[in-house]
Amino acid sequence: MHWLLPRMFMALAGLGLGTGVGYVTGAAIGTPRAGVVLGALGGLALAVMIDALRARRLLAWLRSTQVVDAPRNSGFWGELGYRVERALRSRERDLDHERERIAQFLSAIEASPNGVVLLDSHGQIEWCNSTAGADLGIDPERDLRQPLTNLVRAPALVAHLHAPDSIEPITFSLPGRPGTLSALIRPYGDGQKLLLTQDITQQLRVDEMRRDFVANVSHEIGTPLTVLAGFVETMRTIELTQAEQRRVLGLMAEQTDRMRTLVDDLLALAQLEGSPRPRTDQWVSVNALMQRVENDARALSANRHELLFEADASAAIAGNEPELLSALSNLVMNAIRHTPQQGRITLAWRRRSNGNGVFEVSDTGIGIAPEHLARLGERFYRVDSSRSRASGGTGLGLAIAKHAVQRHGGELEVTSVVDKGSVFRLVFPAARVR
Ligand code: ADP
């Protein structure tokens with residue numbers, strides 16, 4: 001009731017004031033009764049006018065888009081203005097809260113590694129994140145409200161969108177975009193659709209590599225096994241002389257050695273993949289590494305080559321000694337195996353002007369044709385398979401060297417000229433060298 005009292009008070013005050021003024025004025029001109037009536041009406045009219053002015057101010061504020069600073073009237077209009085302002089503020093707060101929630105929700109979808117597209121019931125883009133934009137070649141802002149099928153030229157995706165019960169993901173490629181995408185559609189709401197996309201190029205490549213790897217390992221182990229089985233069968237069915245037996249057992253030992261080397265290399269690779277990154281605070285002496293490699297190299301070369309070792313007594317690399325030794329040893333053994341007699345093999349430690357440290361293994365051997373260089377370091381990639389096998393190679397040596405140096409933050413570099421020789425470099429970042 002407190003909002004009504006000032007209003008009644010103002011009306012009564014207007015009435016009283018008008019009556020008083022009317023009476024005094026009427027008495028002065030000899031018509032006190034008419035003065036009272038006119039004065040009372042005038043006073044009431046004034047009170048109504050003030051009331052109307054206040055209502056008009058409030059109306060003007062309500063028509064504006066402002067939600068704050070309602071006119072500060074007392075009484076009824078003041079109370080009304082205050083209540084409306086409070087209701088508007090509270091609604092605005094709720095809207096802000098909702099907007100923030102939607103923005104957070106969208107930024108979470110934006111951060112998704114998958115592409116997300118929301119399609120309305122007509123197949124038009126309502127929203128999409130930038131991953132979907134990059135996958136499908138659409139602009140998340142410019143292409144809103146456009147039918148997706150007008151923008152993406154992939155018949156498989158269009159058919160998938162129009163299929164009423166498409167649950168299984170499909171794979172497709174887009175003209176002009178390298179790689180393969182997968183797409184999954186889920187209906188929601190009132191005829192809307194959620195389209196999820198994913199670039200599966202890398203995944204397909206990894207699957208293919210894994211299949212190739214298993215096939216290669218089976219082949220590499222299968223071949224000596226077949227030879228061994230043949231010898232076993234021979235020994236079981238044919239009576240061999242002692243000399244023949246010795247020869248066959250020697251050949252069998254060769255095959256088991258080959259399998260042993262292969263298994264050792266496979267284990268070395270598995271260990272490289274499964275263990276944590278080499279530490280940065282364990283220093284391995286370059287000199288010590290070179291000495292150990294030198295001993296093995298001289299044994300393998302058996303004086304057939306000229307071997308030069310240019311060490312640096314003070315240099316050291318931060319990392320894992322067995323891994324560094326295995327990388328270096330694979331390069332030096334390769335150089336010996338692929339360099340004819342009298343050839344020269346040099347192992348040197350160098351520093352580059354940018355601080356990087358480099359193990360450089362150069363030989364004057366058979367060299368490698370340029371088209372093979374990019375693929376060196378892939379598992380089981382060989383330039384000449386029969387030569388590799390004949391010289392006791394597994395096809396994994398460079399893969400081990402490359403993996404080991406990369407785990408130390410470095411790179412394997414190769415330059416080679418056919419019939420002139422090759423240079424293999426293990427390049428270590430300055431941070432791991434002292
Ligand atoms: P492998 O055990 O067959 O030597 P690697 O992975 O060590 O396997 O080497 C891959 C291939 O790279 C080899 O088969 C060989 O053809 C080539 N290669 C490696 N090192 C040399 C080199 N120093 N000179 C010539 N060819 C090389």
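**Figure 1. A network of salt bridges links Glu310, Arg350, Glu360 and Arg425.** A salt bridge is defined here as a side-chain nitrogen of Lys or Arg within 4 Å of a carboxyl oxygen of Asp or Glu. Across the whole structure, a search finds 21 salt bridges. The model is a predicted one, in which local features need pLDDT of at least 70 and side-chain atom pairs count only at pLDDT 80 or more, while totals for chains, interfaces and linings use all residues. Residues are numbered from 1 along each chain as its sequence is written, and side-chain values use heavy atoms, with hydrogens and water left out.

**Figure 2. Salt bridges within helices join Glu85 to Arg89 and Asp264 to Arg260.** Helices (H or I, at least four residues) and strands (E, at least two) are DSSP runs, numbered from the N terminus. In the Glu85 and Arg89 pair, the N to O distance is 2.9 Å. Because Glu85 and Arg89 stand 4 residues apart in helix H3 (residues 75-110), about one helical turn separates them. Glu85 is buried, at a relative accessible area of 5%, whereas Arg89 is partly exposed, at 37%. In these terms, buried means under 20% relative accessible area, exposed means over 50%, and partly exposed lies in between (1.4 Å probe, protein chains only). In the other pair, the closest N and O atoms of Asp264 and Arg260 are 3.6 Å apart. Asp264 and Arg260 both belong to helix H8 (residues 242-274) and are 4 residues apart, about one turn of the helix. Asp264 is partly exposed, with 40% relative accessibility.

**Figure 3. A salt bridge between Glu220 and Arg382 connects distant parts of the chain.** The side chains of Glu220 and Arg382 meet at 2.8 Å, N to O. Glu220 lies in helix H7 (residues 201-237), and Arg382 in the loop between helix H11 (370-373) and helix H12 (385-390), with their positions 162 residues apart in the chain. Glu220 and Arg382 are both buried.

**Figure 4. The ligand is surrounded by 22 residues.** A residue is counted as near the ligand if one of its heavy atoms lies within 4 Å of it. Those that come nearest are Asn334, Ser388, Thr394, Gly395 and Leu398. An N or O atom in the side chain of Asn334 is 2.7 Å from an oxygen atom of the ligand. Backbone atoms also take part: a polar one of Thr394 is 2.9 Å from a ligand oxygen, and an N or O atom of Val383 is 3.2 Å from a ligand oxygen. The protein covers 98% of the 520 Å² of accessible area that the ligand has on its own. Accessible areas come from the Shrake-Rupley method with a 1.4 Å probe; for residues, only the protein chains shown count as cover.

**Figure 5. The side chain of His305 makes a polar contact with that of Ser301.** The distance in this contact is 2.9 Å. A polar contact is a pair of N or O atoms within 3.5 Å; within protein, one must be able to donate a hydrogen and the other to accept it, and residues adjacent in sequence count only if both atoms are side-chain atoms. A polar atom of the His305 side chain also lies 2.7 Å from the backbone oxygen of Thr339. His305 is placed in the loop between helix H9 (286-301) and strand E7 (306-310), and is buried, with a relative accessible area of 9%.

**Figure 6. Gln342 and Asp419 have positive phi values without being glycine.** Phi of Gln342 is near 70°, and that of Asp419 is about 70°. Gln342 lies in the loop between H10 and strand E9 (344-351), and Asp419 in the loop between strand E11 (411-417) and E12. Gln342 is exposed at 66% relative accessible area, and Asp419 is exposed at 64%.

**Figure 7. Confidence in the chain is lowest in H12 and highest in strand E12.** The term pLDDT denotes the predictor's confidence in each residue, from 0 to 100. The mean is 78 in H12 and 98 in strand E12 (residues 421-428). For the chain, the mean pLDDT is 91, and 99% of its residues reach 70 or more. Where pLDDT is low, the predicted coordinates should not be read in detail.
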